[in-house]
Amino acid sequence: MLTSVDTDLMRVLADPLRLRIVTLLARETLCTTHLVEETGARQTNLSNHMKVLREAGVVDTEPCGRFVYYKLRPEVLAGLSERFAALAESARAAAENKRACP
């Protein structure tokens with residue numbers, strides 16, 4: 001069953017730029033400068049999106065000198081994926097169940 005935390009996470013990932021960021025971070029740990037270059041987003045806009053991803057627990061930060069690196073927390077996405085997989089399995093098992101109309 002999906003929880004309110006899951007639906008909050010889905011809202012966070014529904015934004016196209018944040019989904020692009022997550023996709024990039026799935027390949028490698030990147031700093032803000034790299035993410036600005038890769039996405040074409042303005043630095044302030046990107047920083048706001050990174051704050052949302054951090055608060056949702058999707059990314060971790062790693063300070064490195066004057067830069068901040070971001071890395072994806074795969075267990076967060078895996079947990080959401082497992083809940084969707086359970087829903088899909090439930091739907092397969094219940095494919096023939098149909099409630100009669102009153």
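**Group meeting talk: a first look at this protein**

Let me start with one residue: C64 has a relative accessibility of 41%, so C64 counts as partly exposed. The cut-offs help here, because buried means under 20% and exposed means over 50%, with partly exposed in between. Before I go on, please keep in mind that what you see is a predicted model.

Let's stay with the cysteines for a moment. How many disulfides does the count come to? The answer is zero. For C64, the nearest cysteine sulfur belongs to C31 and is 8.8 Å away. A disulfide needs a pair of cysteine sulfur atoms within 2.5 Å, so C64 is in no disulfide. As a reminder, a disulfide is a covalent bond that joins the sulfur atoms of two cysteines. C101 has a relative accessibility of 71%, so C101 counts as exposed.

Now let's step back to the whole chain. The protein has five helices and three strands. If you follow the sequence from its start, the order is α-α-β-α-α-β-β-α. Why is the protein described as more spread out than a compact globule? Its radius of gyration is 18 Å, while the globule rule gives 13 Å for 102 residues, so the value is well over what the rule gives. You can also look at the C-alpha trace, which spans about 65 × 25 × 20 Å along the principal axes.

A few more numbers for the whole protein. Buried residues make up 26% of the 102. The exposed area is about 7,100 Å², and 53% of that comes from carbon and sulfur atoms. There are 14 positive and 13 negative charges, and their mean positions lie 5 Å apart. Among contacts with a separation of 6 or more, 52% are between residues 24 or more positions apart.

With that in mind, let's walk through some individual residues, beginning in helix 1. Helix 1 covers residues 4–14 and contains L9. Is L9 buried or exposed? At 8% relative accessibility, L9 is buried. Setting aside neighbours within four places in sequence, L9 contacts V58, V76 and L80. Now find A94 as well: L9 and A94 are 85 residues apart in sequence, and their C-alpha atoms are 27 Å apart in space.

Next comes L25, in helix 2, which runs over residues 16–25. L25 is buried too, with 5% relative accessibility. Which residues does L25 touch, leaving aside those within four places in sequence? They are L30, L35, M50, V59, Y70 and L72. R73 is 48 residues away from L25 along the chain, and 9.3 Å separates their C-alpha atoms.

Moving on to helix 3, residues 32–39, we meet T32. T32 has a relative accessible area of 15%, which makes this threonine buried. Beyond residues up to four places away in sequence, T32 touches Q43, L46, S47, V68 and Y70. Y70 is a name you have just heard, since Y70 is also one of the contacts of L25.

My last stop is G40, in the loop between helix 3 and helix 4, the latter being residues 43–55. Is G40 buried or exposed? G40 is exposed, with a relative accessible area of 64%. V59, which we met as a contact of L25, is 19 residues from G40 in sequence, and the C-alpha atoms of G40 and V59 are 20 Å apart.

That's my tour, and thanks for listening!

How values were computed. Residues are numbered from 1 along each chain as its sequence is written. This is a predicted model: local features need pLDDT of at least 70, side-chain atom pairs count only at pLDDT 80 or more; totals for chains, interfaces and linings use all residues. Side-chain values use heavy atoms; hydrogens and water are left out. Helices (H or I, at least four residues) and strands (E, at least two) are DSSP runs, numbered from the N terminus. The radius of gyration is taken over C-alpha atoms; the globule rule is 2.2 Å times the number of residues to the power 0.38. Buried means under 20% relative accessible area, exposed over 50%, partly exposed in between (1.4 Å probe, protein chains only). Contact means heavy atoms within 4.5 Å. Accessible areas come from the Shrake-Rupley method with a 1.4 Å probe; for residues, only the protein chains shown count as cover. Lys and Arg count as positive and Asp and Glu as negative; His and the chain ends are not counted. The place of a charge is taken as NZ of Lys, CZ of Arg, CG of Asp or CD of Glu.
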